[in-house]
Amino acid sequence: GGDLLEQRVYPMERPSSGEDGEGDSPNETRISLETAAAEADDSVPYIGQRFPTHEAAYELYSGFAKQCGFSIRRHRTEGKDGVGKGLTRRYFVCHRAGNTPAKPFDDGAKQQRNRKSSRCGCQAYLRIGRDAGAGGLEWRVTGFSNHHNHELLRQDEQMMRIMELEKCVQPGSLPFTEKDVRNLIHSFRRFELEEESVDLLQMCRNVKEKDPNFKYDFTKDANNCVENIAWSYASSIQSYEVFGDAVVLDTTHRLTSIDMTLGIWIGMNNHGMPCFFSCALLREGNLQSFIWALQVFLNFMNRKAPQTVLTDQNMHLKEAVQKELPNTKHALSIGLIASRFPSWFNAVLGRHYNDWENEFYRLHNMESTMDFDLGWSDMVSCYGLHGNRHIASLFASRKLWASPYLRGHFLAGLAALPGISKIKDFIQRLLSAQTCLSRLIEQVAVVVDYKDQAGEQQIAQQNSENTILKTAAPVEGHAAAVFTPYAFYELQDELVEAAHYAYFHLEGNAFLVRHHTKTDGGCNVTWNQKEELISCSCQMFESSGILCRHALRVLTTLNYFQIPDHYLPVRWHRTQPQPSKSLIGGPDHGRSYERVKALQSMVSVLVSEAGKSEERMDLATQEVSVLLSRIRQQPVVPNVSGDSVRRQR
C-alpha cells in the first residue's frame, strides 16, 4: 500500500480553519470502526474513482482512514451560493487538519475554559466533485493526499488516542488504559457474537426440523462462538445433482457487521440462469478455514465434486482447492478479477480505461494462445503498462483465466460475459438483503426463492414462445425439441455460422473446416462413424456442451438429420431428471420422468422423420398444431408430471 500512496499525492488548496462549510463542528468527527475490506488495495482512494453519492465517498475514505490509523471529518463544500448549480465539490480531511483560531477576549463575557485543540494543520485530504453541467449524476475523486504531519495510530491504539485528543489531555492521563478499553470492547463483541451465534444455530435447527433435507455444519472457537458455519437447502442440493458440473465460489465479500468472510457457491442451470448451491461464513480467510468449507460443501453434495471450480486469486483458496478437489479443474473467475479493474487501472489509464477494458475482453475471448500472447504484448506497449504489477500478475496467471488456455474444460457459460453479469446481479441481490446474522439463512432463502420464481416465469415465457428456425437443417428442429431455448439459441447461432464454412475431407475420418473467405488456418474435425463420435480442435463442445460450427458443418454435410445423443448433454435438456426419492420422497416422480422421457424420444423421432421432405414437414406441423391446441385445453393437475417440485421447509 505504501507505493500506491506515494504515487497518489496531488496538490490542493490548503483548507483554512476559518472557512465556512458544513462538517467543521466536533460532532462531525468520525472514528472509523467498521471492518476493512478483504483486499486493502481496493480501499485506497485514487483520482478518477467514481461514487454514486458523496456519502459513498465518505464511507470509503472513512474505511481507508481506519486502516491507516486516523479519523476523518467533513470539511468545506463549494457550489452552494451561486458557484455552479448546487453542491459541486466537497472536501473530507484528517481530523487533525486546520488550526483552531484564537478566540477574541471579551471582558464582559463569561470566562471560558481554554481547551487545547487536537488540530495541527495536517494536510491529508480527499476531494470529490461532480459536473453540474452534466446533471451531477455521480461524484469523482479529483484530489487525494495521504501525507500526515503527525503520528498515525495502530488499530488497537486508535480509540484510546482519539479520546485523549478529544479530552485534550496528555497520553496516559486518562483513568483507564488501552488494555481496559480492548477488554471492554472484546466483552461487548463476544456477547454480541454469542447472541448472534445462538440465534443462527437455532434457526438452522428450526429449518432442519421442518425440512430434514436441509443441511448445515459449523465449528466453534475457544470462546464458544461460531467460528465457521455453512448451509444448503434441499432444492439447492437437487439442482447440484444436474448443474454442479461447473461452479463459482465467490469469497470476495466480507460481512463487516459480523466480521466474517461470506463464501457463495453458484452454478448455471439449463436456462442459463444462476442457481444457488450453498453459503459459508468463515471467521478467518486462511487455509484451514477454506479447507473446512470445501470439505463441508462436498459432504452436502454427497461427495460429488464439480468438474470445474472458478474462484478469485486468493492463494489460500487455491491451495485448499488443490488439496480437497484434486480431480477438479481450478480456474480463476474473470468476473471476480474484473471487479477490481477500476481500482487497479482507472487512475493509471485515466480516459483510456474504457478502451483498455474493451481490448482486454477482446484478448480474453481469442481462440489461439499464440494470438493471445502476442496481443497481450501489444496491449501492454500501447497503454504503457510495462512494470505494472497487476498486469504482470494477470499475465503470469493467464492459464487459469484466459479463454484460449481454458478450452477443453467445462465452464457452463460461467466465464462468458452474459453469465458473469447474471452471477454478479444475483450476488448483489443476496448481499443487499443482509441485515443481521440471526436472519441470514431466512434472507438467503428469500433471495433464492425470488430467483426461482423469476426463473420459472422466464422459463414459462421462453417455452410459450414459438421457436423460430433459421435453417433448413433437420438437426436444428431436433435440437429445438430437446434443448431449452437458451441452449438451443446458442447452438442455432453456431449452425447459422456453419453455412459460411467450407470443409475439406483430408483422409480417413479427418476434415479441415475454415471460413470460406480464408485460404489458410481452420479447425481439424475428426468423425468416428461407427461410434458416432465427433471432435473439433476448437474444443467448444468440451467447454460449453454445445456443438461448434465446425462439427455441425461436417454433420450436416454427412446428411445427419439428428444430433447424436452424446452431443445432447442432459444438463441442457428442457426436461431434467427428477431428484432421487431420498430427497423429495414419493414413487410417482420416477414414473413421471420415465413418461416424459418416452414422450421426448417420440418427439425426436417425429422431427427426424418430418425433416426428410417438405410434405412430411407440412403434415407434421399441421397435426402437431392441432394436438398442441387440444393439450392446452386440458386442465392442469399440480405435480402430476413431477415438474413442480418445491423447496421443503
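Strand 4 and strand 5 (residues 139–145) run antiparallel and are joined by five bridges. The model described here is predicted. Its five-stranded open sheet and its aromatic contacts are summarised below.

**Sheet**

- The strands of the open sheet follow the order 1-5-4-3-2, and their pairing is antiparallel.
- Strand 1 (50–51) and strand 2 (72–78) form the edges, each pairing on one side only.
- Gly-129 has Arg-140, in strand 5, as its bridge partner.

**A tyrosine pair between strands**

- The count of aromatic pairs in the model comes to 35.
- One of the pairs involves Tyr-91 and Tyr-125, whose ring centres are 6.5 Å apart; the planes stand at 45 degrees, so the pair is tilted, this angle being neither under 30 nor over 60 degrees.
- This pair links distant parts of the chain, with Tyr-91 in strand 3 (residues 89–94) and Tyr-125 in strand 4 (residues 125–129), 34 residues apart.
- Tyr-91 has a relative accessible area of 1% and is therefore buried, the cut-off being under 20%.
- Tyr-125 likewise counts as buried, at 1% relative accessibility.

**Aromatic cluster**

- One aromatic cluster is formed by Phe-341, Trp-344, Phe-345, Tyr-353, Trp-356, Phe-360, Tyr-361, Phe-372, Trp-376, Phe-395, Trp-401 and Tyr-405.
- Phe-395, a member of this cluster, also has the charged end of Arg-398 over its ring, 3.9 Å from the ring centre.

**A further charge over a ring**

- Arg-74 places its charged end over the ring of Tyr-58, at 3.9 Å from the centre of that ring.

Key. Residues are numbered from 1 along each chain as its sequence is written. This is a predicted model: local features need pLDDT of at least 70, side-chain atom pairs count only at pLDDT 80 or more; totals for chains, interfaces and linings use all residues. Side-chain values use heavy atoms; hydrogens and water are left out. Rings of Phe, Tyr and Trp (its six-membered ring) pair if their centres lie within 6.5 Å; planes under 30 degrees apart count as stacked, over 60 as edge-to-face and the rest as tilted. Helices (H or I, at least four residues) and strands (E, at least two) are DSSP runs, numbered from the N terminus. Buried means under 20% relative accessible area, exposed over 50%, partly exposed in between (1.4 Å probe, protein chains only). A charge sits over a ring if NZ of Lys or CZ of Arg is within 6 Å of the ring centre and within 35 degrees of the ring normal. Two strands pair if DSSP finds at least two bridges between them.
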